[in-house]
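Please walk through the structure below with attention to its helix packing, its charged pairs, two buried side chains and its cysteines.

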Amino acid sequence: MSAPHSVASGAPVRVRFAPSPTGYLHVGGARTALFNWLFARKLGGKFLLRIEDTDKARSTDESTAAIFEGLTWLGLEWDEEVVYQGGNLERHRRDAHAMLERGLAYRCFCTPAELDERRKAAESAKTAFKYDRRCDRLSKEDVERRTAAGEPSVVRFRVADGATSWPDLVHETISFPNKDIEDFVILRSDGTPIYNMAVVSDDIAMGITHVMRGDDHISNTPKQILLYEALGASLPVFAHFPMIHGLDGKKLSKRHGATAVGDYQHLGILPEAMNNFLALMGWSPGGDLEVMTRDDMIARFDTDHLLRKASVFDTKKLEWMNGQHLSRLTGDALVAAMSPSFIAAGLFADAAAVHAVQEWFATVLEDCKERARTTDQLVELARPFFPGQPLVIDAAAAAKHWADPAKSIEWLQAVRARLAAITDWTDAGIEADLKALATELGVGASPLFQTARVAVTGRGVGISITKTIFRLGRDVSLANIDSALTHLAGHSAA
């Protein structure tokens, strides 16, 4: 683990996730929260949550609730009471005025229209616009007179000469020449703080030791460092994670598909798999290790292995990883993880109904889980085993495996007769009898089994057809084959 650079030696680690409640919890934000959470858990520190709700026009209670729900689903519990940035405005103002009183900031009376005119003039001259500090040259008496008269003004921070640098845990040393940073506003004319002012004031008050966030914040960091120093506070250690891209190499957005954590919660992804997948978006545990539990990630997490290169969000890889996590679940843990999905699908009325047949349910899940990559897929694979499920024949599966209706009828009649006569009603017994039947018919076992699968389940994919027949039982299997024969007869006549 890299050593802290600015935080006092031995200071307990305190990190924060600070989303704005102006939309859903994006997977990029969830990745940032996860890295902060892993870092705190690895070092016995505190993971804090701050809702940056100062933009009252865009902040909503629904977005705040979505953030809470997403973090809770991922299991990223926070350690102290949630901080709402909007409740700290008076402190933000006090900190800004403290810099004003110490001569580290000054009042600027330039109007937006005046600034816009100068910006357009700079564009016409093909030069970069930068505030020219004209209000910093006003006399103290002039400032006091204009302020007393109620003339609107903002408060600007005075940027000193030199450069602002910091040792970043991801990018090593980053440096900005101060000449490229204009005297930036810290308080608007209505007395509300600008983002950088509010963030620094809150981080100092919360005792944040490490600021770990996306590298889209790198341009904010030199301004924030200047504010830390002006307020006489120790600098936190900074770490800026690379962006997450889609498969096309562009910043992840809605055009790439689902980008909200809540969407994946409802697309059959387990929280353990989502955390595992997000952890690899910017961090490497070393070696070829990919599938990890939360405890594995906590034990292995190390800032020395944070990656500088942008990561690619591949939904197929996420589904594969989800399948790996599904396959590792067994017994009661598998039942607990899957019960909500089966209740939502209407296959169980409630948790009590699950409990009543838990042993049978666990066996069905165990049979089906190896073929599933998402919880939704597992529900569909297990659906035929639930009593009273109608046989619904998938048209694509029928077209593929019943291409010759007359031959399919012949084979299914033979399968039905053999299943009706089997005395060894076990998975192995059914498999042996149907393989023998295939030999007698002079056909391969695979095409015969696929023909039977569509008849028994209505689908072209699933677990072993002999195990399926065994689990369904003789009566249901024969009834489904009868329905399939009726369906085929109708199509054959047509």
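Burial is graded by relative accessible area: buried means under 20%, exposed means over 50%, and partly exposed is in between, with a 1.4 Å probe and protein chains only. The model is a predicted one, in which local features need pLDDT of at least 70 and side-chain atom pairs count only at pLDDT 80 or more, while totals for chains, interfaces and linings use all residues. Residues are numbered from 1 along each chain as its sequence is written, and side-chain values use heavy atoms, with hydrogens and water left out.

Salt bridges come first. The term stands for a side-chain nitrogen of Lys or Arg within 4 Å of a carboxyl oxygen of Asp or Glu. A search of the whole structure gives 29 of them. One of these joins E151 and R146, with 2.7 Å from N to O. R146 is buried, because its relative accessible area is 19%, whereas E151 is partly exposed at 30%.

Another salt bridge pairs K317 with E290, whose closest N and O atoms are 2.7 Å apart. K317 belongs to helix α11 (residues 315–328) and E290 to the loop between α9 (271–279) and α10 (294–300), so this pair ties together parts 27 residues apart in sequence. Helices and strands here are DSSP runs numbered from the N terminus, helices being H or I with at least four residues and strands E with at least two. K317 is partly exposed, at 28% relative accessibility, and E290 is partly exposed at 29%.

In the pair R459 and E380, the closest N and O atoms are 3.6 Å apart. R459 sits in the loop between α19 and α20 (465–472), and E380 in helix α15 (residues 375–382), so the salt bridge ties together parts 79 residues apart in sequence. Relative accessibility is 23% for R459, which counts as partly exposed, and 33% for E380, also partly exposed. Shared partners link the salt bridges of R16, R50, E52, R91, D202 and D203 into one network.

Some members of that network also touch Q85, a residue of the loop between β3 (83–84) and α3 (89–101). Contact means heavy atoms within 4.5 Å. Leaving out residues up to four places away in sequence, Q85 touches R50, I51, E52, D53, T54, H92, A198, V199 and D202. Q85 is buried, at 1% relative accessibility. T32, in helix α1 (residues 27–42), is buried at 11%. With the same sequence neighbours left out, T32 touches F17, M212, R213, G214 and F241.

How do two of the helices pack? The axes of α17 (residues 405–421) and α19 (residues 445–457) come within 10 Å and cross at roughly 85 degrees. Axes are lines fitted to C-alpha atoms, for helices over the stretch in contact, and angles run from 0 to 180 degrees between N-to-C directions. The two helices are therefore roughly perpendicular, a label given to angles of 65 to 115 degrees; under 35 is roughly parallel, over 145 roughly antiparallel and the rest oblique. From α17 the contact uses S408, W411, L412 and V415, and from α19 it uses P447, L448, T451, A452 and A455.

Finally, the structure holds zero disulfides, a disulfide being a pair of cysteine sulfur atoms within 2.5 Å. The sulfur of C108 has its closest cysteine sulfur in C110, 3.8 Å away, which is too far for a bond. C108 is buried at 1% relative accessibility, and C368 is buried at 0%.
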